[in-house]
Amino acid sequence: MNKIVIVGANHAGTAAANTIMGNYKDAKVTIFDANSNISFLGCGMALWIGEQIAGAEGLFYSNKEKLEAQGAVVHMEAPVESIDFDKKIVYATLKDGSKVEESYDKIILATGSMPIIPDIPGRDLENVQKVKLYQHADEVIQKLKTEDIKDVVVVGAGYIGVELAEAFERHGKNVTLIDIADTCLPAYYDEEFTELMKQNLKDHGIKLAFGEKVLELKGDTKVKEVVTDKGTHKADMVVLSIGFRPNNELGKDKLELFRNGAYVVNKNQETSIKDVYAIGDCATVYDNSIQDTNYIALATNAVRSGIVAAHNAGGTALESAGVQGSNGICIYDLKMVSTGLTLAKAKSLGIDALATDYDDLQKPEFIESENPSVKIRIVYDKNTRVIIGAQMASTYDMSMGIHMFSLAIQEKVTIDKLALTDIFFLPHFNKPYNYITMAAISAK
Ligand SMILES: Cc1cc2nc3c(=O)[nH]c(=O)nc-3n(C[C@H](O)[C@H](O)[C@H](O)COP(=O)(O)OP(=O)(O)OC[C@H]3O[C@@H](n4cnc5c(N)ncnc54)[C@H](O)[C@@H]3O)c2cc1C
Ligand SMILES: NC(=O)C1=CN([C@@H]2O[C@H](COP(=O)(O)OP(=O)(O)OC[C@H]3O[C@@H](n4cnc5c(N)ncnc54)[C@H](O)[C@@H]3O)[C@@H](O)[C@H]2O)C=CC1
């Protein structure tokens, strides 16, 4: 018998548990999760808050009963307090308050992340909200129903902030979106693309306060205003979305850590201690675009790393293919997808990078139905000519196109090889001289 303990059962932990139980009949899986729910899709939070979906029911795909039906022992509302990595014992408190000790042969840490809370005065005022868990979103929604909440300030214009700004505006609130950077989504897109998103947000009445540093949140018991280095913004609710920090409490004194505190893992998801694996938002990833270890918190990475760790813990050596940080966003009707490095990021890393751009209609000019234009940028290494990033934007759903670039980065495809890649043509879908081929052909 192979006793495997999984700590944390959201996306990463659930993927690991499902993979182990589906493939390794000799494994006995015991799961501890501090929360009362499993598998909450945070990505649906903005749709729920913005009332684009009826409720949160569809935002869960697993639960204690489903995992138990496959043979796992599942303890919910049962935080693991500590782990003795030498004796291989987990110490946890169960829902009824009793303490348990669970021994293991292998352990998978899937404790995820929590939002970074800036160290500023007023951060504990009422209506200053975190947004990560189902409970956080539920609390925000209950508060939005009251007449008291008219002005909402979102701090951080990354993925969560931009999505929630739309959601609050759809809810009829006055929304201000603040970022310390002078644009939105700076980690994922170059300026030519972030300008499109900026305009999109402005067109929908969202007040942008970019290039502002938040100094203080003011109020009595409840938050009333956000003070920045450039001015003051009225706020009945403040949402903090300035990134995640990994939950590393259980292993931070024993395991090797990355610069942000994530557990450093190899391509087999092994930490610096034998038989201890880490997956999802509490662990590093191997980033093919920089060919080095990195931290990229995404549900997709959580699921894949869970599968990889499960096979290794189950007895089959399996390496991750690495990741490119592929991601997408849809705000009102504007869709943007990207993978790998932006040109700005590549340059900041000292990579001698170039970009090739192209703008064109999705389909031939003679098409009489919907035919939006698409903007594409491909980033490549000037010396090796290997593709290291790509970005696309359109009101057309061109999102599937980015997966090819993700694979291209993973497999180190050159821009010249892409120029001659077989890309089909049918007027219902695209043009014979399509924008991917044209961008690649026109690369310097
Ligand atoms: C609003 C929002 C939108 C998002 N949208 C997207 C998206 O569109 N696409 C995308 O790819 N990603 C998205 N993400 C990111 C994605 O949700 C995370 O990357 C993902 O949740 C990581 O999964 P995880 O299982 O590693 O960690 P988590 O989801 O953080 O789960 C960790 C689990 O561990 C448990 N735990 C922690 N400590 C202990 C302990 N000591 N004992 C027991 N249990 C413990 C927690 O209770 C929790 O259930 C979004 C996130 C948010 C908040
Ligand atoms: N569609 C998707 O794939 C989604 C992915 N996610 C993931 O969840 C994780 C967390 O998301 P976010 O919290 O949005 O992080 P993020 O890293 O995407 O964005 C954080 C933003 O906060 C800004 N910032 C940092 N410090 C600040 C400060 N002190 N004051 C003001 N602004 C500050 C940054 O400039 C950045 O724009 C990310 O890894 C993200 O990729 C989240 C939502 C959707």
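**Entry 1: strand β22 and its partners**

I began with strand β25 (residues 387–394), which is joined to β22 by six bridges and runs antiparallel to it. I take helices (H or I, at least four residues) and strands (E, at least two) as DSSP runs numbered from the N terminus, and I call two strands paired if DSSP finds at least two bridges between them. What I am reading is a predicted model, in which local features need pLDDT of at least 70 and side-chain atom pairs count only at pLDDT 80 or more, whereas totals for chains, interfaces and linings use all residues. Residues are numbered from 1 along each chain as its sequence is written, while chains are lettered from A and ligands numbered from 1 in the order in which they are written.

Within the β22 and β25 pair, I noted that Met336 stands opposite Ala393 in β25. I then looked at β21, which pairs with β22 in the antiparallel sense over five bridges, and found that Ser338 in β22 is the bridge partner of Asn327. The two strands β21 and β22 form a hairpin with two residues between them. Tyr332, in the loop between β21 and β22, has a positive phi of about 50 degrees although it is not a glycine.

For burial I counted a residue as buried if 20 or more other C-beta atoms, placed from the backbone, lie within 10 Å of its own, as exposed if 12 or fewer do, and as partly exposed in between. Tyr332, with 13 other C-beta atoms within 10 Å, is partly exposed. Five of the seven residues of strand β22 (residues 334–340) are buried, so this strand is largely enclosed by the rest of the structure.

**Entry 2: domains and the UniProt record**

I looked up the domain assignment, whose bounds come from an automatic or database source, and it divides the protein chain into domain 1 (3–114 + 244–314), domain 2 (117–240) and domain 3 (335–442). The centres of domain 1 and domain 3, taken over C-alpha atoms, are separated by 34 Å.

The unreviewed UniProt entry places "domain: Pyridine nucleotide-disulphide oxidoreductase dimerisation" at residues 330–430; its positions are given in the numbering used here, feature names are shortened, and annotations may be inferred rather than shown by experiment. In the model the span 330–430 is 21% helix and 35% strand, and its end C-alpha atoms lie 21 Å apart.

**Entry 3: the two open sheets**

I traced one open sheet of five strands with parallel pairing, in the order β3-β2-β1-β7-β18. Its edge strands are β3 (73–75) and β18 (276–278), each of which pairs on one side only. The twist in this sheet averages 15 degrees from one strand to the next, with axes taken as lines fitted to C-alpha atoms (for helices over the stretch in contact) and angles running from 0 to 180 degrees between N-to-C directions. Strand β1 (residues 2–7) and strand β7 (residues 106–109) pair in the parallel sense over four bridges, and Ile6 has Ile108 in β7 as its bridge partner.

After β3, in the loop between β3 and β4 (80–84), I found Glu77, which has a positive phi of about 50 degrees although it is not a glycine. With 14 C-beta neighbours inside 10 Å, Glu77 counts as partly exposed.

Another open sheet of five strands, with parallel pairing, has the order β9-β16-β10-β11-β12. Its edges are β9 (128–130) and β12 (207–210), each with a single partner strand, so one side of each is left without a neighbour in the sheet. Neighbouring strands of this sheet are turned by 20 degrees against each other on average, direction ignored. I noted five bridges between strand β10 (residues 151–155) and β11, in the parallel sense, with Asn174 in β11 as the bridge partner of Asp151.

**Entry 4: the ligand shells**

I took a residue as near a molecule if its C-beta atom, placed from the backbone, lies within 6 Å of it, the rule that also serves for strands. Around ligand 1 there are 32 residues, of which Gly8, Asn10, Gly42, Gly112 and Gly280 come nearest. The elements giving two or more residues to this shell are α1 (11–23) and α7 (299–314). I sorted residues into nonpolar (Ala, Val, Leu, Ile, Met, Phe, Trp, Tyr, Cys and Pro), charged (Asp, Glu, Lys and Arg) and polar (the others, Gly among them), and the ligand 1 shell has 17 nonpolar, 12 polar and three charged residues.

Around ligand 2 there are 26 residues, of which Gly156, Gly158, Tyr159, Ile160 and Ala297 come nearest. The elements giving two or more residues to the shell around ligand 2 are α5 (159–170), β11 (174–179) and β21 (327–331), and α5 gives the most, with four. Domain 1 and domain 2 both give residues to the shell around ligand 2, so this ligand lies between them.
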